Amino acid sequence: MHRSSARSAVRRTNVTACLRCRSRKQRCDQQLPACSNCQRAGAECVSTDLDGTPTPRIYTKQLQDKIRMLEQELQKHKQNASHDPVAPGDNAMKLGSWSVSSPYCDSLQGYGLANVISVSDPWECAVDGLLGHARVEVSLPTGNGVDALLSIYFEHSDSFTPVVSRAKIEAALAHVGRDDQDSLDKTSQDGLFTAYMVFATSILLMNRKEVSLPASRAEAYFLRARDIVSRNATMMHGCSVQAIQNIALMVQYLLLDAKLRPAWHLLGIATRLILELNLQNAEAHDLATDDGIDQCWLFWSVYSFERMLCAVLGRPFSIPDEAITAPLPPIHSDAGRSAALQLILQRRMLSEICVTLMQNKYRNTASLDVTAWREDMLRRIQASQVPSQPGAKTSDVVAGYSENLKVLLLFPQNNQDALSPSHLSILAHTAYGVIQRYKELFKDGHLRYYWRTLHHLHRAGSAMIYCLKLPEIAQQIELPLKQYRESINICSAVLWGMVERYRPGAQYRDSFDLLSTSLDESEADAYSLAPESEMLDFNILFSSDQSEHRDFNDAGGFE
């Protein structure tokens, strides 16, 4: 009866109160831009949106003011509409006497109309609206600087997502010679764009390893590449493999710079071009030629980018795995890409886990033996760590990704079968390993993608709390409780350290701190951890990148 009455009281909680008043159990007057309690305390007043996302009340007040301003502007526009000579169609965006009619205009809403009207091509509008419209002058590096930047880039790219080969980059640099795009042909402009994007990514990688190195040069190279695209929009939307490569290079940089919104948009364009060129099918790839092998690597790189982003954001995948018959690239073409090939196999398993456990929600899987399927997946994950090259050592990145897959596979989900004691033991042991690994990587400055690592670390810590809150199961499988409890503090400390460099992750940190404080509460319901911990996957990082990421161009990132 006591537990039932407590839960009923929770349901009667005033959900419109700010988080501070709710946590302190105070009456909240819900004033804008801050309630009286928060004003007196000098604290930020934060409430929750309809989807559960924490939102500062001052932001709500700003939105209300902006709506009133836009309503006034709209009223003025309606009064002057009879004097406008342009009559755009149903799918046009109208600004005074200028309009654009394009199926992509809807996607430009919210990206800055002032940027959109500076160009005339709808696809240029998409690029400018997403990435800004600033023209900069910067020169290509020369001499030993080129070799050093290329080495840094391919050390990372060939191990994760090989977008372009080194031979193509060197050929492009030799062909371009100088940055005078007004006198360059289409091939030379593609080469110039590729060079700037590679150098921008290289400098950003250097910044991720050494925070004291400024990332301003990387942004300058990126803006120079964006400027080239804005003058020749066919480089991004032409139905060609080169256009897909250009998009993939930009996505690679944007994901590293935690600019997830434009990366998401550009991945949609790349996927459309892949479908038009039929690259998801085997017959589109000729692995007997170097160009065919490069095309195959490019397809799987775009596949990896999309799976990586969709898995964190909780979005469905654009091309289902059962529709993909494209062959895996031959590893003999470049032995240095062995780890990248293993990661492709693991991302295919990531896709299967997400679809089976989360996206399908057990629809049409009544006959699925979930326990047996998990056992099979665990065997496949373990086998994926074995290098394809005889005698080669398993990459640390591959081993770490395998641990993340195991935690995702065994993480408690809604409406799923209870985990067996053996699976609970694997979950606890693997989650402990993930926390320890990220502690070492963070301490050594080897992390690159904070937006993704925050997600993995939060889930590993939540899984550890889940296991520790089942004492009868913990005793049965003889968990080393002392070390596992210490890992909770380690996880919290690493999350705090990451947020110092990437502030949008504060909600992951705060959510985990709330979970960890409930570890010793005897009346807490362990199974309530799953929906609360997964609630963060959908909106936090995706919605925060457009306003806050610019403050952290010189912050570290991670893998």
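A residue counts as buried at under 20% relative accessible area, as exposed at over 50%, and as partly exposed in between (1.4 Å probe, protein chains only). By that rule Asp294 is buried, because its relative accessible area is 17%. The structure is a predicted model, in which local features need pLDDT of at least 70, side-chain atom pairs count only at pLDDT 80 or more, and totals for chains, interfaces and linings use all residues. Residues are numbered from 1 along each chain as its sequence is written, and side-chain values use heavy atoms, with hydrogens and water left out.

**Confidence**

- The protein chain has an average pLDDT of 75, and 71% of the residues score at least 70; pLDDT is the predictor's confidence in each residue, from 0 to 100.
- Helix H12 (residues 241-256) has the highest confidence in the protein chain, at a mean of 93, and strand E4 (residues 98-101) the lowest, at 28.
- Helices (H or I, at least four residues) and strands (E, at least two) are DSSP runs, numbered from the N terminus.
- Residues 1-13 stay under a pLDDT of 50, and the model gives them four contacts beyond four places in sequence; a contact means heavy atoms within 4.5 Å.
- Residues 522-559 also have pLDDT below 50, with 118 contacts in the model beyond near neighbours in sequence.
- Where pLDDT is low, the predicted coordinates should not be read in detail.

**Helix H14**

- Asp291 lies in helix H14, which spans residues 290-313.
- Asp291 is classed as exposed because its relative accessible area is 56%.
- The C-alpha atom of Asp291 is 9.9 Å from that of Ser165, although 126 residues separate the two along the chain.
- Asp294 is also in helix H14 and touches Ser165 and Lys168, leaving out residues up to four places away in sequence.
- Gln295 is another residue of helix H14, and it is buried, with a relative accessible area of 15%.
- Not counting neighbours within four places in sequence, Gln295 has contacts with Val241, Leu279, Ala284 and His285.

**Surface patch**

- Ile58, Tyr59 and Leu63 make a nonpolar surface patch of about 270 Å².
- Patches are made of residues with over 30% relative accessible area and no salt bridge, with like charges joined within 9 Å and nonpolar side chains (Val, Leu, Ile, Met, Phe, Trp, Tyr) within 5 Å.
- A salt bridge is a side-chain nitrogen of Lys or Arg within 4 Å of a carboxyl oxygen of Asp or Glu.
- Accessible areas come from the Shrake-Rupley method with a 1.4 Å probe; for residues, only the protein chains shown count as cover.
- Tyr59 sits in helix H4 (residues 57-80) and counts as partly exposed because its relative accessibility is 42%.
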